[in-house]
Amino acid sequence: ELSVSKVGETVDVSAEAPVLQTDRTSVSGAVGAEMIEALPNITQNPLAYAFLQPGAVPRAAAADTTNLNSFGIGVAGRRQLSAVGVNGGRAFTNDIQLDGLPVMGGGYNEASVVPNTEGLQEVRVISNNFSAEYGRGQSVISMSTKSGTNAFHGTGAYMLRHQGLDANTFANNAQGIPKREFRVDDAAGSLGGPILRNKLFFFSSYHVLRNDQETTSLLTVPTALERVGNFSQSFIRDENGNAVPARIFDPFNVTQINADLYRRAEIPNAIIPNPDPYAVRMYSFYPLPNRTPDDVFNTNNFESTTTQTVRRHSSNNRVDFKWKNQSIYGSGGMSYAEVVTPRPFGTAPFNDAPATRGDKNPYIHIGDAVVLSPTLVLDVRYGLSRVKTENLNGNKEGFTDY
């Protein structure tokens, strides 16, 4: 049997003082290692974790995941990954740091070092009257790398992106162009542990990315008749935009109309007699049309599909040494990357080299935190980073004797 027990009433009243940060005026927020491992990051951009903080607003380009700049290679690529404004500030006005030292290029204030996400311990955004140890920016985006422990820990990851999982673009559908080939192989690994237990530790990460993507170009090239000086089938627009037959005038056959007016003689049927052999030779370097043009002006009468190759290798390493009252660390790494874009016209005498962009950016940091007393700590850091980037657009300056 269940019987009614005594009825009682309890009222608890509690009050707690709000937790206020009284030792400093800066405002900061961080994304830790657990969130970095759990959150998807399709471009493996370490600065994308800063976008999660209040007041941090990336540019629209930073959200692009398929163009060449999304791989963070070259000045333009690293600039796109770094495009974020904090608390209403403009992009590229931030101090970007790695392990307490600034890592920025001198061109756009973009990140010169793009560390592997597998080796990140924390990404923090610091703003609003930060302390004197920071500077060179309206806010600070501080990235910290992982340290080794007394136990060995390692990770391995592989991400595949394939055109079979993507939809075609709106522009390709409008032009009747099939979906382009797109594949990204993204592999990474990390390992950390002790060298001397309780004293010396290491952590290392390596990242490799391979991407081959097709790019379709629609271009306008001279027709077979135009290549030999016959423009009788060519059309141009008049002042009303209507298609009218092209007219050609001889610059070497001029009639004086009055004191300051001359008229060139029109070439009959727009067919140049005995065209200059050098001009014919120059026009022969263009490929022949291979596509039905969009209009009577022969617009987009040539279609070319080339394969751009993207390769990126990134290594980040760190060593920590605990000795008496000192905590010494050293970190360094190398980013080696290249993007190769073949010519839409193929190999041509006037420019037979592909366009290339790349990075060969090393960095090295060293620091020591010394506990001088229970209330005094000395933190000394020094680092070097070098930006060696290239953006080449061919290897020819003009015509030679062909």
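Let's start at a hollow: β8 makes the largest contribution to the lining of the second largest pocket, giving 5 residues. Keep in mind as we go that this is a predicted model. Strand β8 covers 153-162, and α1 (33-38) and β9 (182-196) join β8 in each supplying at least two residues of that lining. The pocket itself holds about 360 Å³. Its lining counts 21 residues, and if you want to find the middle, look for Glu 37, Gln 44, Thr 117, Glu 118 and Ala 157, the ones closest to the centre. What sort of residues line the second largest pocket, by class? There are 10 nonpolar, 7 polar and 4 charged ones.

While you're in this area, pick out Ser 190, which sits in strand β9. Is Ser 190 buried or exposed? Its relative accessible area is 8%, and buried means under 20%, so Ser 190 counts as buried. The side chain of Ser 190 makes a polar contact of 2.4 Å with the side chain of Thr 155. Setting aside neighbours within four places in sequence, Ser 190 also has Glu 118, His 153 and Gly 154 among its contacts, along with Phe 203, Ser 204 and Ser 205. Glu 118, you'll recall, is one of the residues closest to the centre of the second largest pocket.

Now move over to the largest pocket, with about 620 Å³ of space. Here the lining takes in 23 residues, and Asp 99, Gly 100, Glu 133, Asp 379 and Arg 381 lie nearest the centre. A whole set of strands supplies at least two residues each: β6 (120-127), β7 (140-145), β15, β16, β17 (355-373) and β18 (376-385). Which of them gives the most? That's β15, with 4 residues. The class split of this lining is 7 nonpolar, 6 polar and 10 charged.

Next, the enclosed spaces. Searching the whole structure turns up 5 cavities of 30 Å³ or more. The largest cavity has a volume of about 130 Å³. It is lined by 16 residues, with Gly 72, Val 114, Arg 312, Ser 314 and Ser 335 closest to its centre. Two elements give two or more residues to this lining, namely β15 (302-323) and β16 (326-341). Both strands also turned up in the lining of the largest pocket. Sorted by class, the residues around the largest cavity come out as 5 nonpolar, 8 polar and 3 charged.

From the hollows, turn to the packed parts. In soluble globular proteins, nonpolar side chains tend to be buried together. The largest nonpolar core in this model has 22 residues, and the members touching the most others are Ile 96, Val 123 and Met 143. Strands β3 (84-86), β4 (95-98), β6 and β7 each put at least two residues into this core, and β6 gives the most, with 3.

Met 143 is a handy place to look around. Leaving out residues up to four places away in sequence, Met 143 touches Pro 46, Leu 47, Ile 96, Gln 97, Leu 98, Asp 99, Pro 115, Leu 120, Glu 122 and Val 123. Two of the names there, Ile 96 and Val 123, are the other best-connected members of the core, in the sense of touching the most other members. Asp 99 is familiar too, as one of the residues nearest the centre of the largest pocket. Apart from this core lies another one, of 9 residues, including Phe 71, Ile 73, Val 184 and Val 339.

To finish, a few stops in the loops. Phe 285 is in the loop between α4 (277-284) and β15. Phe 285 is buried because its relative accessible area, 12%, falls under 20%. How far is Phe 285 from Thr 117, in sequence and in space? They are 168 residues apart in the chain and 47 Å apart from C-alpha to C-alpha.

Two asparagines round out the tour. Asn 87, in the loop between β3 and β4, has a phi near 55°, which is positive although the residue isn't glycine. Asn 269, in the loop between β14 (261-266) and α4, likewise has a positive phi, near 60°. Are these residues buried or exposed? Asn 87 has a relative accessible area of 47% and so is partly exposed, while Asn 269, at 62%, passes the 50% mark and therefore counts as exposed.

Technical notes: Residues are numbered from 1 along each chain as its sequence is written. This is a predicted model: local features need pLDDT of at least 70, side-chain atom pairs count only at pLDDT 80 or more; totals for chains, interfaces and linings use all residues. Side-chain values use heavy atoms; hydrogens and water are left out. On a 1 Å grid over the protein atoms alone, a cavity is a set of points where a 1.4 Å probe fits but cannot get out, and a pocket is an open set with protein on both sides within 12 Å along at least five of seven lines; lining residues have an atom within 4 Å of a point. Grid points are joined across faces, edges and corners, and a volume is the space filled by probe spheres set on the points. Ala, Val, Leu, Ile, Met, Phe, Trp, Tyr, Cys and Pro count as nonpolar, Asp, Glu, Lys and Arg as charged, and the others, Gly among them, as polar. A nonpolar core is a set of buried Ala, Val, Leu, Ile, Met, Phe, Trp, Tyr and Cys residues joined through side-chain atoms within 4.5 Å. Buried means under 20% relative accessible area, exposed over 50%, partly exposed in between (1.4 Å probe, protein chains only). Contact means heavy atoms within 4.5 Å. A polar contact is a pair of N or O atoms within 3.5 Å; within protein, one must be able to donate a hydrogen and the other to accept it, and residues adjacent in sequence count only if both atoms are side-chain atoms.
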